[in-house]
Amino acid sequence: MATVPTPRTWTSGETPNATQLNNDLRDGWGFFANPPRVKVYNTTGQTITTSGGVSNDTVMLWTTEIYDTDGMFNAARTGGSSDSRLTVVTPGVYQVMLHINWNPISDPSPGNRYTGIKLNTNGANDLDTSLTDQIGNDSARLTNSNTSLPQTSHISLQYLFAANDYIEAMVGTSFSSQGTVASGAASR
């Protein structure tokens, strides 16, 4: 867990010693220069399917960590090599960015592809209660009649997280006849 610096209140005429200067200046600047952050992505892609034309909302799995300065990504939590969660260790305001790349598919009725960020929902498959909806932003939704081209969903938001809050990315599609592959990256 990163330690959020708490500088002392100085009094007039007080002469700081080396320990106080290190605590108030060095440690404070160090925290703000390297705040808690994580960046993960899915290296293999994930198949998102439909059943009878009804979308199956799917939790996106992250397989690779690019960096993690505060232990927010933990594939060992699931006993495997991937995890869907990014868990806040140090509370505070975080910038959350989610980028999903959708592979092109051939379908004359393209339907929709959508993406959302869920807060503390344990993989609940319901994008209508996503964090993006709670703070006034719609989930990213794509409709494209030219499905021979790749599509990209991107969400960026700021949120005040408490310790042990976690987020998951939810993706879904309403393409009627086949699954589609999504891969993505998330960072905070």
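# Close-up views of a predicted model

**View 1. A nonpolar patch on the surface.** Let's start on the outside, where Leu21, Leu25 and Trp29 make up a nonpolar surface patch whose accessible area comes to about 350 Å² together. Keep in mind that this is a predicted model. Trp29 belongs to helix α1, which covers residues 18–33. Is Trp29 buried or exposed? It counts as exposed, because its relative accessibility is 65% and the cut-off for exposed is over 50%.

**View 2. Gln20, a buried residue in helix α1.** Stay with the helix a little longer: Gln20 also has its place in α1. Its relative accessible area is 17%, and since buried means under 20%, Gln20 is buried. Which residues does Gln20 contact, if we skip its neighbours within four places in sequence? The answer is Arg8, Trp10, Glu14, Thr15 and Leu25. Leu25 may ring a bell, as it is part of the surface patch with Leu21 and Trp29.

**View 3. The largest nonpolar core.** Now for the inside. In soluble globular proteins, nonpolar side chains tend to be buried together. Here, the largest nonpolar core has 23 residues. Trp62, Phe73, Leu98, Ile100, Ile117, Phe161 and Ile167 are the ones with the most contacts inside this core. Which elements give two or more residues to it? They are β1 (38–41), β8 (92–102), β9 (113–119), β11 (151–161) and β12 (166–173). Strand β8 gives the most, with five residues.

**View 4. A cluster of aromatic rings.** Zoom in on Tyr94, Tyr159 and Phe161, which ring pairs link into a cluster. A pair of aromatic rings is described by the distance of the centres and the angle of the planes. The count of aromatic pairs comes to three. One of them joins Tyr94 and Phe161 edge-to-face, at 5.9 Å centre to centre and with 70 degrees between the planes. Because Tyr94 sits in strand β8 and Phe161 in strand β11, this pair ties together parts that are 67 residues apart in sequence. Both partners are buried: Tyr94 has 5% relative accessibility, and Phe161 has a relative accessible area of 2%. Phe161 also pairs edge-to-face with Tyr159, this time at 4.9 Å centre to centre and with 65 degrees between the planes. And how about Tyr159, with its relative accessible area of 21%? It is partly exposed, because the buried label needs a value under 20%.

**View 5. Ala162, in the loop after β11.** Ala162 is found in the loop between β11 and β12. At 40% relative accessibility, it counts as partly exposed, as the range for that label runs from 20% to 50%. How far apart are the C-alpha atoms of Ala162 and Gly92? They are separated by 6.6 Å, although the two residues are 70 residues apart along the chain. Ala162 also touches Val88 and Pro91, leaving out residues up to four places away in sequence.

**View 6. The whole chain, for orientation.** Finally, zoom back out to two helices and 13 strands. Of the 188 residues in the chain, 40% are buried. Among contacts between residues at least 6 apart in sequence, 73% join residues at least 24 apart. The accessible surface of the chain comes to about 9,600 Å², and 52% of that belongs to carbon and sulfur atoms.

Notes
Residues numbered from 1 in each chain as written. Predicted model: local features only at pLDDT ≥ 70, side-chain atom pairs only at ≥ 80, totals over all residues. Heavy atoms only, no water. Patch = residues over 30% accessible without salt bridge, like charges linked within 9 Å, V, L, I, M, F, W, Y side chains within 5 Å. Areas by Shrake-Rupley, 256 points an atom, 1.4 Å probe, with all protein chains shown as cover. Salt bridge = Lys/Arg side-chain N within 4 Å of Asp/Glu carboxyl O. Helix = DSSP H or I, 4+ residues; strand = E, 2+ residues; numbered from the N terminus. Buried < 20%, exposed > 50% of the residue type's maximum accessible area, 1.4 Å probe, protein only. Contact = heavy atoms within 4.5 Å. Core = buried A, V, L, I, M, F, W, Y, C linked by side-chain atoms within 4.5 Å. Phe/Tyr/Trp six-rings, centres within 6.5 Å; stacked < 30°, edge-to-face > 60°.
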